[in-house]
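Colleague: I have a model open and a few things to ask about it. Can we start with the cysteines and then move to a helix?

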Amino acid sequence: MIIVEFVKSNQGWHGFRARGHAGFADPGEDIVCAAVSALTQTAVLGLTEVVGLECQVSVEEKEGSLDCLLPSGLAGQDWQRAQLILEVLHAGLRATEKEYKRYVRVKEVPYREDESSAFRLQEGRRKHEKRPRFGSEAPRREKP
């Protein structure tokens with residue numbers, strides 16, 4: 001079973017943790033796993049590539065896990081954009097859970113600064129680098 005935990009405070013979403021394998025079908029043919037993977041990976045791309053955030057992201061393919069936490073101290077328009085992306089992810093995963101209850105579980109867990117800070121410092125966690133925002137001019141490379 002895949003379990004996705006959304007980390008939430010009174011202010012909103014702070015990130016998510018997806019763990020496990022669906023077990024709906026054989027590896028490479030599991031549409032439930034593919035759906036969860038596509039949704040979660042697209043959310044990470046939206047946060048890092050479109051919004052331009054430096055999220056803490058960890059991927060463990062063998063264990064079937066993807067963790068993503070927003071940078072601490074995020075505010076303003078970037079916070080609102082991140083909330084929209086995470087809300088869309090939440091809605092997509094809830095719809096998947098509704099259809100495939102035996103294979104996916106979505107839940108909310110409280111945000112705790114001390115636990116999230118520990119997550120940020122764990123070995124093997126990588127930070128996605130900030131990218132130019134969608135619609136902004138990216139520097140062009142000149143051909144040699």
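**Cysteines and helix α1**

Modeller: C55 counts as buried, because its relative accessibility is 0%. Keep in mind that this is a predicted model.

Colleague: What about C68, buried or exposed?

Modeller: C68 is buried, with a relative accessible area of 0%.

Colleague: How many disulfides are there?

Modeller: The count is zero. C55 is in no disulfide, and the nearest cysteine sulfur, that of C68, is 4.2 Å away.

Colleague: Why is there no bond from C68 to C55?

Modeller: The closest cysteine sulfur to that of C68 is in C55, and at 4.2 Å the two are too far apart for a bond. The cut-off for a disulfide is 2.5 Å between sulfur atoms.

Colleague: Different topic. How many residues does α1 have, and what does it reach from its first C-alpha to its last?

Modeller: Helix α1 covers residues 31-50, which is 20 residues. The reach is 26 Å, close to the 28 Å expected at 1.5 Å a residue.

Colleague: What caps its N-terminal end?

Modeller: D30 does, with a side-chain oxygen 3.1 Å from the backbone nitrogen of V32.

Colleague: And just after α1, which residue takes a positive phi?

Modeller: G52, at about 85 degrees.

Colleague: Which residues of α1 are buried?

Modeller: V32, V36, T40, A43, V44, G46, L47 and T48. So V32 appears twice here, as a buried residue of α1 and as the one whose backbone nitrogen lies 3.1 Å from the D30 side-chain oxygen.

Colleague: What covers those buried residues?

Modeller: The cover includes the strands β1 (2-9), β2 (12-19), β3 (56-60), β4 (65-69) and β5 (104-110), along with helix α2 (76-99).

Key
Residues are numbered from 1 along each chain as its sequence is written. This is a predicted model: local features need pLDDT of at least 70, side-chain atom pairs count only at pLDDT 80 or more; totals for chains, interfaces and linings use all residues. Side-chain values use heavy atoms; hydrogens and water are left out. Buried means under 20% relative accessible area, exposed over 50%, partly exposed in between (1.4 Å probe, protein chains only). Helices (H or I, at least four residues) and strands (E, at least two) are DSSP runs, numbered from the N terminus. The expected span of a helix is 1.5 Å times one less than its number of residues. Contact means heavy atoms within 4.5 Å. A polar contact is a pair of N or O atoms within 3.5 Å; within protein, one must be able to donate a hydrogen and the other to accept it, and residues adjacent in sequence count only if both atoms are side-chain atoms.
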